[in-house]
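Welcome! Here is a friendly briefing to read alongside the sequence and the 3D view. Take a moment to turn the structure around before reading on.

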Amino acid sequence: MIVFITPLLGSLRNFVKYKQFHPLVFMRTPILYFFLYVILQTRNIWKIIVLERWIMFLYKTTKSIYNDDYNTKKEKYKKKYGLIYQNRL
């Protein structure tokens, strides 16, 4: 039961924020839990939950760097709010 808390809360947050429900995003966490359980051969659910969060953190960070989200959003906010960023070296 505890393995469904993270996906349920994440889906609730996405629905409140974006008014959308994505079943594949919902199922991603339990599927990752299952693979970690099979690979690690452990019954320690807390270890699996922590490792899943670390894996998702690394995945999302890598995806953000690859997509250059910082500069994309920086340009968006320059246009939207008229912000001026100082160039730092």
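Eight residues, Ile-2, Ile-5, Leu-9, Leu-12, Phe-15, Val-16, Phe-21 and Trp-46, make up a nonpolar patch on the surface of this predicted model. Together they offer about 830 Å² of accessible area. The biggest contribution to the patch comes from helix 1, which spans residues 5-18 and supplies 5 residues.

**The surface patch, residue by residue**

- Ile-2 sits in the segment before helix 1. Its relative accessibility is 31%, so Ile-2 counts as partly exposed.
- Ile-5 belongs to helix 1 itself. With 43% relative accessibility, Ile-5 also falls in the partly exposed class.
- For a sense of distance across the model, try finding Ile-5 and Tyr-77: they are 72 residues apart along the chain, and their C-alpha atoms are separated by 34 Å.

**The overall fold**

- How many helices and strands does the protein chain have? There are 4 helices and 0 strands, and reading along the sequence gives the pattern α-α-α-α.
- The chain is more spread out than a compact globule, because its radius of gyration is 18 Å, well over the 12 Å that the globule rule gives for 89 residues.
- Measured out along the principal axes, the C-alpha atoms fill a box of roughly 50 × 35 × 20 Å.
- Of the 89 residues, 17% count as buried.
- The accessible surface of the chain comes to about 8,000 Å², and carbon and sulfur atoms account for 66% of that area.
- Among contacts with a separation of 6 or more, 32% are between residues 24 or more positions apart.

**The nonpolar core**

- In soluble globular proteins, nonpolar side chains tend to be buried together.
- Which residues form the largest nonpolar core here? There are 7 of them: Val-3, Leu-32, Tyr-33, Leu-36, Ile-48, Ile-49 and Met-56.
- Helix 2 (23-40) and helix 3 (45-67) each provide at least two residues of this core.
- Met-56, one of the core residues, is in contact with Arg-28 and Leu-32 when its neighbours within four places in sequence are left aside.

**Leu-51**

- You can find Leu-51 in helix 3. Its relative accessible area is 23%, so Leu-51 counts as partly exposed.
- Setting aside neighbours within four places in sequence, Leu-51 is in contact with Leu-36 and Leu-40.
- Leu-51 and Tyr-33 lie 18 residues apart in sequence, with 8.9 Å between their C-alpha atoms.

**Salt bridges**

- How many salt bridges are there? The count comes to 2.
- One of them joins the side chains of Arg-53 and Glu-52, at 2.9 Å from N to O.
- Is each partner of this pair buried or exposed, or something in between? Glu-52 counts as buried because its relative accessibility is 0%, whereas Arg-53, at 39%, counts as partly exposed.
- Another salt bridge brings together the side chains of Glu-75 and Lys-78, at 3.3 Å from N to O.
- Glu-75 and Lys-78 both lie in helix 4 (residues 69-81), where they are 3 residues apart, about one turn of the helix.
- Glu-75 has a relative accessible area of 38%, so this residue is partly exposed. Lys-78 is partly exposed too, with a relative accessible area of 29%.

**Positive phi angles in the loops**

- Gln-41 is not a glycine, although its phi is positive, at about 55°.
- Where is Gln-41 placed? Look in the loop between helix 2 and helix 3.
- The relative accessible area of Gln-41 is 64%, so Gln-41 counts as exposed.
- Asp-68 is another residue other than glycine with a positive phi, near 55°.
- You will find Asp-68 in the loop between helix 3 and helix 4. Asp-68 is partly exposed, with a relative accessible area of 37%.

Notes: Residues are numbered from 1 along each chain as its sequence is written. This is a predicted model: local features need pLDDT of at least 70, side-chain atom pairs count only at pLDDT 80 or more; totals for chains, interfaces and linings use all residues. Side-chain values use heavy atoms; hydrogens and water are left out. Patches are made of residues with over 30% relative accessible area and no salt bridge: like charges are joined within 9 Å, nonpolar side chains (Val, Leu, Ile, Met, Phe, Trp, Tyr) within 5 Å. Accessible areas come from the Shrake-Rupley method with a 1.4 Å probe; for residues, only the protein chains shown count as cover. A salt bridge is a side-chain nitrogen of Lys or Arg within 4 Å of a carboxyl oxygen of Asp or Glu. Buried means under 20% relative accessible area, exposed over 50%, partly exposed in between (1.4 Å probe, protein chains only). A nonpolar core is a set of buried Ala, Val, Leu, Ile, Met, Phe, Trp, Tyr and Cys residues joined through side-chain atoms within 4.5 Å. Contact means heavy atoms within 4.5 Å. The radius of gyration is taken over C-alpha atoms; the globule rule is 2.2 Å times the number of residues to the power 0.38.
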